[in-house]
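The following note sets out several points for a colleague who is examining this structure. Each point may be checked against the coordinates as it is read.

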Amino acid sequence: MNDVSALYEQDYYLWLQETYQMLEKKEMNRLDLPHLMEEILSLGNEQKRKVDSYLRQLLIHLLLYQYWESERERCGKGWQNEIDNFRFELELLLKSRTLYNYFLQEIAEIYVKARKQVIKKSELPSDTFPENCPFTPENLLDSEFLP
């Protein structure tokens, strides 16, 4: 284990700074490649988790807004604000074509999870909510769209 590799375990932030300096100076032979590769993969996975999380929250709030009519008058404005916030966060992430494609492929799976949470939260009958996502990708990202 070289000094940089040991630094990863002892002081992660300093390891990041040192790694950046080595890359900047093109000192490739000094890099802690196993940890660097792990960190790069981790960054990509974190971005996907953010897409999943914001998409799930967006779907939850759209479903609540559309189907929980008895609460819409009391909670609708808050739901709209949350919908706007989650769309904004998704917009930032989806500037990446790769993450946009990931978003498209995950809608159906994330919808199932969001639907379960909405059923639990609202205590409405499960058949109140469509089994398949009623929103298009365009609906989900359209700042003017409310169901």
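1. At which residue does helix 4 bend, and by about how many degrees? The model under review is a predicted one. In this model the bend of helix 4 falls at Cys 75 and amounts to about 80°. The end-to-end span of this helix should be read together with the bend. Helix 4 covers only 31 Å between its end C-alpha atoms, whereas a straight helix of 25 residues would span 36 Å at 1.5 Å a residue.

2. The buried face of helix 4 deserves attention next. Its buried residues are Glu 71, Cys 75, Gly 76, Trp 79, Ile 83, Phe 86, Arg 87, Leu 90 and Leu 93. Cys 75, the site of the bend, is thus one of the buried residues of this helix. The partners against which the buried residues of helix 4 pack are helix 3, helix 5 and helix 6 (137-141).

3. Leu 93 belongs to helix 4 and is counted as buried because its relative accessibility is 10%. When neighbours within four places in sequence are set aside, its contacts are Gln 47, Lys 50, Val 51, Tyr 54 and Leu 99. For one of these, Lys 50, the separation from Leu 93 is 43 residues in sequence, while the C-alpha atoms are 8.1 Å apart in space.

4. His 61 is a residue of helix 3. Is His 61 buried or exposed? Its relative accessibility is 11%, so His 61 counts as buried. Apart from neighbours within four places in sequence, His 61 has contacts with Trp 79, Glu 82, Ile 83 and Phe 86. Of these contacts, Trp 79, Ile 83 and Phe 86 also appear among the buried residues of helix 4.

5. How many salt bridges does the model contain? The count is four, and three of them are described here, each within one helix. An α-helix has 3.6 residues a turn, so residues three or four places apart point the same way. In helix 4 (residues 69-93), Arg 74 and Glu 71 are about one helical turn from each other, because they are three residues apart. Their side chains form a salt bridge with an N to O distance of 2.5 Å. The two partners differ in accessibility: Arg 74 is exposed, at a relative accessible area of 65%, whereas Glu 71 is buried, at 17%.

6. In helix 3 (residues 33-67), Glu 46 and Arg 49 are also three residues apart, or about one turn of the helix. They form a salt bridge in which the closest N and O atoms are 2.9 Å apart. Glu 46 is partly exposed, with a relative accessibility of 32%. Arg 49 is likewise partly exposed, at 46%.

7. Helix 5 (residues 97-122) holds Glu 109 and Lys 113, which are four residues apart, about one turn of the helix. The salt bridge between their side chains has an N to O distance of 3.7 Å. Glu 109 counts as partly exposed at 45% relative accessibility, and Lys 113 counts as partly exposed at 43%.

8. How are helix 1 and helix 3 oriented with respect to each other? Helix 1 (residues 3-10) packs on helix 3 at an angle of about 45°, and the two axes are 9 Å apart. The two helices are therefore oblique to each other. On the helix 1 side the contact is made by Ser 5, Tyr 8 and Glu 9, and on the helix 3 side by His 35, Glu 38 and Glu 39.

9. Two loop residues should be inspected for their backbone angles. Most residues other than glycine have a negative phi. Lys 26, although not a glycine, has a positive phi of about 60°. Lys 26 is located in the loop between helix 2 (12-24) and helix 3, and it is exposed, with a relative accessible area of 65%. Glu 123 is not a glycine either, and its phi is positive at about 60°. Glu 123 is found in the loop between helix 5 and helix 6, and at 70% relative accessibility it counts as exposed.

Definitions and conventions: Residues numbered from 1 in each chain as written. Heavy atoms only, no water. Buried < 20%, exposed > 50% of the residue type's maximum accessible area, 1.4 Å probe, protein only. Expected span 1.5 Å × (residues − 1). Bend = angle between axes of the 7 residues up to and from the residue. Contact = heavy atoms within 4.5 Å. Axes fitted to C-alpha atoms, helices over the stretch in contact; angles between N-to-C directions. Parallel < 35°, antiparallel > 145°, perpendicular 65-115°, else oblique.
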